[in-house]
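Q: Could you take a close look at one part of this model, the charged side-chain pairs and the strands that they lead to? I would like a connected account that goes from the pairs to the surrounding packing.

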Amino acid sequence: MDKKWLPLTVTLAVAGVAVVAASVWPDDVEKPPLPQSLCHGALSRETAELIDDGQGGEISTDEWESKGSTTDSAVFKACRVLRANPYDENDNPRTVYKLVIEDTPSPPGRKKGSTSLGSGLTGWALPERAAVTLPAGCPVRMGSTAPYIRVWLDVPSQDEEKLARLERKRPVDADIALRNNVTVMREVAARLTERYDCAD
């Protein structure tokens, strides 16, 4: 072999070994892909990340469901949306908001001072709370004999009474929080209606 090609040959050989080593010994800190469907399929990751308490952090969820002994509580699915605490030594995530999907005999109401979710939806939103009632065909499709399926959203970091007691300001402007809540609930209604094929 011509000596002038020797350095190039050595360099390529070293690079090849590095590639083989990387494929044999994967990076220990590599994490699996983050799920793109959250809260029992009610939210996309992108929309779920809209609601924040101003502190950021990687999002995750704690999801559970149960069925009661009576048909009045046949559907109950809950989800806590969490954010990572980068400065917590125990790596305990904090709850940012909660979403509950449940059947109910109560007809939909409206909170005083709330904003409508928009055309085609029965529901309302405030900066700290929101609700949407799914179409009339959803209870049967979801396994309930109750007349309504309602989804509740609770955002404690936007609760004015709680903030006043703690002498804290809203972490996110009320108008932004309200707009985000409306977006979240509109997606919840759309995704659950599509999933259970229960549009009016």
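A: Glu65 has a relative accessibility of 47% and therefore counts as partly exposed, a value that, like the others below, is computed from a predicted model. Its side chain meets that of Lys77 in a salt bridge, with N and O 2.8 Å apart. This pair links distant parts of the chain, since Glu65 belongs to strand β3 and Lys77 to strand β4, 12 residues apart. The two partners differ in their surroundings: Lys77 is buried, with a relative accessible area of 14%, a value that falls under the 20% limit for that class, whereas Glu65 is partly exposed.

The bridge between Lys77 and Glu65 belongs to a wider set, for the structure holds 7 salt bridges. Side chains of opposite charge can pair when their charged atoms come close. A second contact of this kind that involves β4 is formed by Asp52 and Arg83, whose side chains meet at 3.7 Å, N to O. Here Asp52 sits in the loop between α2 and β3 while Arg83 sits in strand β4, so the pair ties together parts of the chain that are 31 residues apart in sequence. Arg83, with a relative accessible area of 8%, is buried.

The loop between α2 and β3 also takes part in a salt bridge between Glu58 and Arg45, for which the closest N and O atoms are 3.4 Å apart. Arg45 is placed in helix α2 (residues 45-48) and Glu58 in that loop, so parts of the chain 13 residues apart in sequence are tied together by this pair. Arg45 is buried, at 6% relative accessible area, but Glu58 is partly exposed, at 41%. The pair is also part of a network of salt bridges that links Arg45, Glu49 and Glu58.

From β4 the account can move on to its partner strand. β4 and β5 pair in the antiparallel sense over 8 bridges, and within β5 it is Arg94 that stands opposite Arg83. β5 is also joined to β9, through 7 bridges and again in antiparallel fashion; Ile101 stands opposite Val151 in β9. Of the 11 residues of β5, 8 are buried, so the strand is largely enclosed by the rest of the structure.

These strands also appear in the nonpolar packing. The largest nonpolar core has 34 residues, and those with the most contacts inside it are Tyr97, Leu99, Val151 and Met185. Two or more residues of this core come from each of β4 (76-83), β5 (94-104), β8 (129-133), β9 (148-154) and α5 (174-195). The greatest contribution is that of α5, which gives 7 residues.

Leu99 brings several of these threads together. Leaving aside residues up to four places away in sequence, Leu99 touches Cys39, Ala42, Leu43, Lys77, Ala78, Cys79, Val151, Trp152, Leu153, Met185 and Val188. Among these contacts is Lys77, the residue whose side chain meets that of Glu65 in a salt bridge, and the list also includes Val151 and Met185, which are likewise among the residues with the most contacts inside the largest nonpolar core. The charged pair of Lys77 and Glu65 can thus be followed, through the contact between Lys77 and Leu99, to a residue of that core.

Technical notes:
Residues numbered from 1 in each chain as written. Predicted model: local features only at pLDDT ≥ 70, side-chain atom pairs only at ≥ 80, totals over all residues. Heavy atoms only, no water. Core = buried A, V, L, I, M, F, W, Y, C linked by side-chain atoms within 4.5 Å. Buried < 20%, exposed > 50% of the residue type's maximum accessible area, 1.4 Å probe, protein only. Helix = DSSP H or I, 4+ residues; strand = E, 2+ residues; numbered from the N terminus. Contact = heavy atoms within 4.5 Å. Salt bridge = Lys/Arg side-chain N within 4 Å of Asp/Glu carboxyl O. Pairing = 2+ DSSP bridges.
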